[in-house]
Amino acid sequence: MAIVKNLGRTLSQLLQSPGCGCQTSIVPVRCIGVSPRQVTSDASFHSVSFSETDHPRVLITGGLGQLGVGLAKLLRKRFGKNNVILSDIRKPPDDVFYNGPFIYSDILDYKNLREIVVNNRITWLFHYSALLSAVGEANVPLARAVNITGLHNILDIAAEHSLRLFVPSTIGAFGPTSPRNPTPDLCIQRPRTIYGVSKVHAELMGEYYHYRYGLDFRCLRYPGIISADSQPGGGTTDYAVQIFHDAIKNGKFQCNLKSDTRLPMMYIDDCLKATLDVMEAPAASLSMRTYNISAMSFSPEELVQEVKKHIPELQVTYNVDAVRQAIADSWPMNFDDSNARRDWGWKHDFDLSELVTTMFNILGSDSRVAQIN
Ligand SMILES: NC(=O)C1=CN([C@@H]2O[C@H](COP(=O)(O)OP(=O)(O)OC[C@H]3O[C@@H](n4cnc5c(N)ncnc54)[C@H](O)[C@@H]3O)[C@@H](O)[C@H]2O)C=CC1
Ligand SMILES: CC(=O)[C@H](N)C(=O)O
């Protein structure tokens, strides 16, 4: 009798909880049905529900940000256009809308997420929705909702439907008490941003669901990502993208970090390649579920020197943003990714000079390239 009473109380608490996403008149499956709580604690399966010869059916959340469209392009090349669905809460531009399936999905709406996964027979989920470090500090309640409550929805959906789940983490998951040069996979993680805290939470929750319920959770800690044809979404490393646009447009750049602030960075192609590689790696090769990946590390001053090889007349000033500088000063300077290199053969292709040349090639400024030799 007491058990029934407690169950009733728990259920009603769940239904009232703002984090549950279950306040509709329909009692959602995850609150009473096939929730991770019903999977036996000794579950040892690795959840791949497509046969080896089939392609995965992929959903990307938060797909209209800096990284999602590029990821969709790569995955569509590999798995076929119609097997990869981009989703976001924003309206897609024409070139995205007409280039493959796009669907509205708010990760805070659990029922909507479940409907998409079920109706489209999704087997792999790339969870890109997030508020990044600088915008997260500007709106902590929203960052907490999207990055933490949203992640809970994703984890439950993935566990219930036996999805293979990729969640990116970040250099921002470390803090001032972490070793910064280099930062290994396993060390103290006490970040001081809501973004970092939410990413450590994601790493731990994903690993917990893996060991407890057999969820096939895979996570890479990305460095700052640099891309030519997509804009960054409000992070601390954004300057390293902005410099290219400003250099080409005005020949002037105002940097919001100090000239000697060293951070790990990566070109987008390497980031997306690593993401696909770790998702395709045999489960047996993964000695861990969260890996650092690294390619290069530089300061604004070093980037400016490299950019000046292409645009020598570039004028640079420094106007330090206190919030971003404090964040950057607490992040790794160099990332140790030896475990990723050993376990699943991670290898980057772009160093600083290749990155800068590629950015200018794509952004079409080669006419301005100086004769430097
Ligand atoms: N870009 C980078 O340098 C790095 C990115 N990452 C991670 O990679 C992932 C993707 O990053 P970006 O594309 O740069 O992020 P972004 O900020 O450019 O895009 C995030 C997307 O999430 C969407 N979103 C926000 N609230 C949502 C909601 N309630 N439901 C569904 N979508 C929502 C936004 O509309 C946006 O399109 C993020 O998880 C980020 O933390 C990690 C390290 C570095
Ligand atoms: C490194 C990241 O996670 C992101 N680019 C940010 O600066 O917030």
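Start by selecting threonine 236 and serine 133: their side chains make a polar contact at 2.8 Å. Keep in mind as you go that this is a predicted model. Threonine 236 sits in the loop between β8 and α9 (239–249). Colour by accessibility and you will find threonine 236 at 0% relative accessibility, so it counts as buried.

**Ligand 2**

Keep those two residues on screen and add ligand 2. What surrounds ligand 2? The neighbours are Leu132, Ser133, Thr170, Ile171, Tyr195, Gly224, Gly235, Thr236, Thr237 and Trp331. By class, that shell has four nonpolar and six polar residues, with no charged residues.

Now put distance labels on the polar atoms:

- From serine 133, a polar side-chain atom lies 2.5 Å from an oxygen atom of ligand 2.
- From threonine 236, the partner is a backbone N or O atom, 2.6 Å from an oxygen atom of ligand 2.
- From threonine 237, a polar side-chain atom lies 2.8 Å from a nitrogen atom of ligand 2.

For the surface view, ligand 2 taken alone exposes 250 Å², and the protein buries 93% of that.

**Ligand 1**

Next, centre on ligand 1. Of the 26 residues around ligand 1, which come nearest? They are Gln66, Asp88, Arg90, Asp106 and Tyr195. Leave Tyr195 highlighted, since it is also listed around ligand 2.

Three labels are worth drawing here. The side chain of tyrosine 195 has an N or O atom 2.7 Å from an oxygen atom of ligand 1. Glutamine 66 places a backbone N or O atom 2.8 Å from an oxygen atom of ligand 1. For glycine 65, a polar backbone atom is 3.3 Å from an oxygen atom of ligand 1.

Switch to a surface once more: ligand 1 on its own has 830 Å² of accessible area, and the protein covers 93% of it. In cartoon view, look for β6 (169–170), α8 and β8 (224–226), the elements that give two or more residues to the shell around ligand 1. Sorted by class, this shell has 13 nonpolar, nine polar and four charged residues.

**Aromatic rings**

Follow helix α8 (residues 194–213) to find tyrosine 209 and tyrosine 213, which are four residues apart, about one turn of the helix. A pair of aromatic rings is described by the distance of the centres and the angle of the planes. The structure holds 15 aromatic pairs. Tyrosine 209 and tyrosine 213 form an edge-to-face pair, 5.1 Å centre to centre with 75° between the planes. Are these tyrosines buried or exposed? Both tyrosine 209 and tyrosine 213 are buried.

Then select Phe79, Trp124, Phe126, Tyr128, Phe166 and Tyr222 together, and you will have one aromatic cluster on screen.

**Backbone stops**

Most residues other than glycine have a negative phi, and most peptide bonds are trans. Three places here are worth checking against that background.

Go to the peptide bond from asparagine 181 to proline 182: it is cis, with omega near 5°. You will find proline 182 in the loop between β6 and α8.

Arginine 121 has a positive phi, near 50°. It lies in the loop between α5 (110–119) and β4 (124–127). Arginine 121 has a relative accessible area of 59%, so it counts as exposed.

Serine 162 likewise has a positive phi, near 50°. Its loop runs between α7 (140–160) and β5 (164–166). With a relative accessible area of 28%, serine 162 is partly exposed.

**The annotated region and a last tryptophan**

To zoom out, select residues 58–293, where an unreviewed UniProt entry places the feature "domain: NAD-dependent epimerase/dehydratase". Over this range the chain is 41% helix and 18% strand, and the end C-alpha atoms are 23 Å apart.

For the final stop, select tryptophan 346, in the loop between α13 (338–344) and α14 (352–363). Why does tryptophan 346 count as buried? Its relative accessible area is 2%, and buried means under 20%. To place it in the fold, draw a line to aspartate 229: tryptophan 346 and aspartate 229 are 117 residues apart in sequence and 24 Å apart in space, C-alpha to C-alpha.

Key: Residues numbered from 1 in each chain as written. Chains lettered and ligands numbered in written order. Predicted model: local features only at pLDDT ≥ 70, side-chain atom pairs only at ≥ 80, totals over all residues. Heavy atoms only, no water. Phe/Tyr/Trp six-rings, centres within 6.5 Å; stacked < 30°, edge-to-face > 60°. Buried < 20%, exposed > 50% of the residue type's maximum accessible area, 1.4 Å probe, protein only. Near = heavy atom within 4 Å. Polar contact = N/O pair within 3.5 Å; in protein donor to acceptor, adjacent residues only side chain to side chain. Areas by Shrake-Rupley, 256 points an atom, 1.4 Å probe, with all protein chains shown as cover. Nonpolar A, V, L, I, M, F, W, Y, C, P; charged D, E, K, R; others polar. UniProt positions renumbered as here; feature names shortened; annotations may be inferred.
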